[in-house]
Amino acid sequence: MTTNANGDGNGNRNRNRNRNRNGTAPLEAAVDAIVLDIDGVLVDVADSYRRAIIESVDTVYGRTIRKDDIQQFKDAGGFNNDWELTDAAALYVLATGEGYDASLAEFTDEIAAAGGGLEAAESAVRDGIGAQATKRVTDRWNRERLRDVFQQLYLGEELYQALESGEPDDDLRQEGFIHDEPVILDEETRNWLLDEAGVSVGVLTGRPEAEAEIALDRVGLADEIPVEHRFTMDDWEEGKPHPRALTTLAERFDADSVIFVGDTLDDVRTATNAIEADPSREYHGIGVLTGGLTGAEGRQKYADEDAAAVLESVNELPALLADE
């Protein structure tokens, strides 16, 4: 169980002190609903969204960050939207050309200390190089162009024309990275979710609605999870880790206890924030190691955020709940 910093009178704070052997808080109530993230949980996006971040910055500015650097932005928080993560990566690349000498780890640490997200990234640059140099950086910082290139790379020619209603650049006419998303959710787990678990199932993702539909179709859930049981980028402005989407789904399910399975620290923080926003229900944030967080280090980072459990993949969820 994650921490309710305010103490809700239901014992959440005390329960949080009782750790299981993995260093995470135990699940202590029957679960009524399971909410799933898509990226890194249902499909592997290492060679799609994450590749698009790197190559978008390189295409527009001729320099970029490394794939491993992306996780540092994710851990800093506030970058559930990969377009904004791309913007932050480009901002860092441009700032280094104007004398910003902090390492990327220092840059993302400063972002985290300021609460995460793109505004914190801008503040870090401004503090590092001053107003005049920052003006030169932001004059070259073309977020609209970055987003357009990202979509061309990710969607590919055909889907870009269909979803973005535009013509791709001649040198970007290619098959999109969206086709390089291996399915993580296996058939047995899918069938358990739909037929055996006896719970409501929902989706909470930072993807745009159309791209979420494509991924859900690929994993065999598009026809099984109704629109009212989904939250995508198009359905709310706040983004994770704001709890509104998760608490709204809980209300729609009329659930007393909700699990949210995600692959980032912000996913777990979403559950933590939901506890504070809606203390009448139980919320459990569960981290999986099929996104950017892996191994013992990933487990520890999840534990530090009070994850209720850490799984190698979503396919361990049936066994986890069978043990409760």
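This is a short dialogue on reading salt bridges, burial and strand pairing in a predicted model.

Q: What kind of model is this, and how are its residues numbered?
A: The model is predicted, so that local features need pLDDT of at least 70 and side-chain atom pairs count only at pLDDT 80 or more, while totals for chains, interfaces and linings use all residues. Residues are numbered from 1 along each chain as its sequence is written, and side-chain values use heavy atoms, with hydrogens and water left out.

Q: What counts as a salt bridge, and how many salt bridges are there by this rule?
A: A salt bridge is a side-chain nitrogen of Lys or Arg within 4 Å of a carboxyl oxygen of Asp or Glu. By this rule the count comes to 27, and among the salt bridges is the one between the side chains of Arg51 and Glu55, at 2.8 Å from N to O.

Q: Where do Arg51 and Glu55 lie, and are they buried or exposed?
A: Helices (DSSP runs of H or I, at least four residues) and strands (runs of E, at least two) are numbered from the N terminus; Arg51 and Glu55 both belong to helix α2 (residues 49-61), where they are four residues apart, about one turn of the helix. For burial, the relative accessible area is used, with buried meaning under 20%, exposed over 50% and partly exposed in between (1.4 Å probe, protein chains only). On that scale Arg51 is partly exposed at 30%, and Glu55 is partly exposed at 28%.

Q: Which parts does the salt bridge between Asp267 and Lys240 tie together?
A: The side chains of Asp267 and Lys240 meet at 2.8 Å, N to O. Asp267 lies in helix α11 (residues 265-277) and Lys240 in the loop between β3 (230-231) and α10 (244-253), so the pair ties together parts that are 27 residues apart in sequence. Asp267 is buried, with a relative accessible area of 2%, and Lys240 is buried at 4%.

Q: How is the salt bridge between Asp266 and Arg269 placed?
A: The closest N and O atoms of Asp266 and Arg269 are 3.0 Å apart, and the two residues, three apart in helix α11, are separated by about one helical turn. Asp266 has a relative accessible area of 4% and is buried, and Arg269, at 19%, also counts as buried. Elsewhere, Asp39, Glu181, Arg207 and Arg218 are joined into one network by salt bridges that share partners.

Q: How do strands pair in a sheet, and what is the strand order here?
A: Strands of a sheet pair through backbone hydrogen bonds, either parallel or antiparallel. Two strands pair if DSSP finds at least two bridges between them. Here six strands form an open sheet in the order β3-β2-β1-β4-β5-β6, with parallel pairing, and the edge strands, each pairing on one side only, are β3 and β6 (309-311).

Q: Which residues stand opposite one another around β2?
A: Strand β1 (residues 33-36) pairs with β2 in the parallel sense over four bridges, and Ala33 stands opposite Ser200 in β2. Strand β2 (residues 200-204) also pairs with β3 in the parallel sense, over two bridges; there Val203 has Arg230 as its bridge partner, and Leu204 stands opposite Phe231. The chain crosses from β2 through α9 to β3 in a right-handed β-α-β crossover, meaning that, with the strands pointing away from the viewer, the path from the first strand over the helix to the second runs clockwise.
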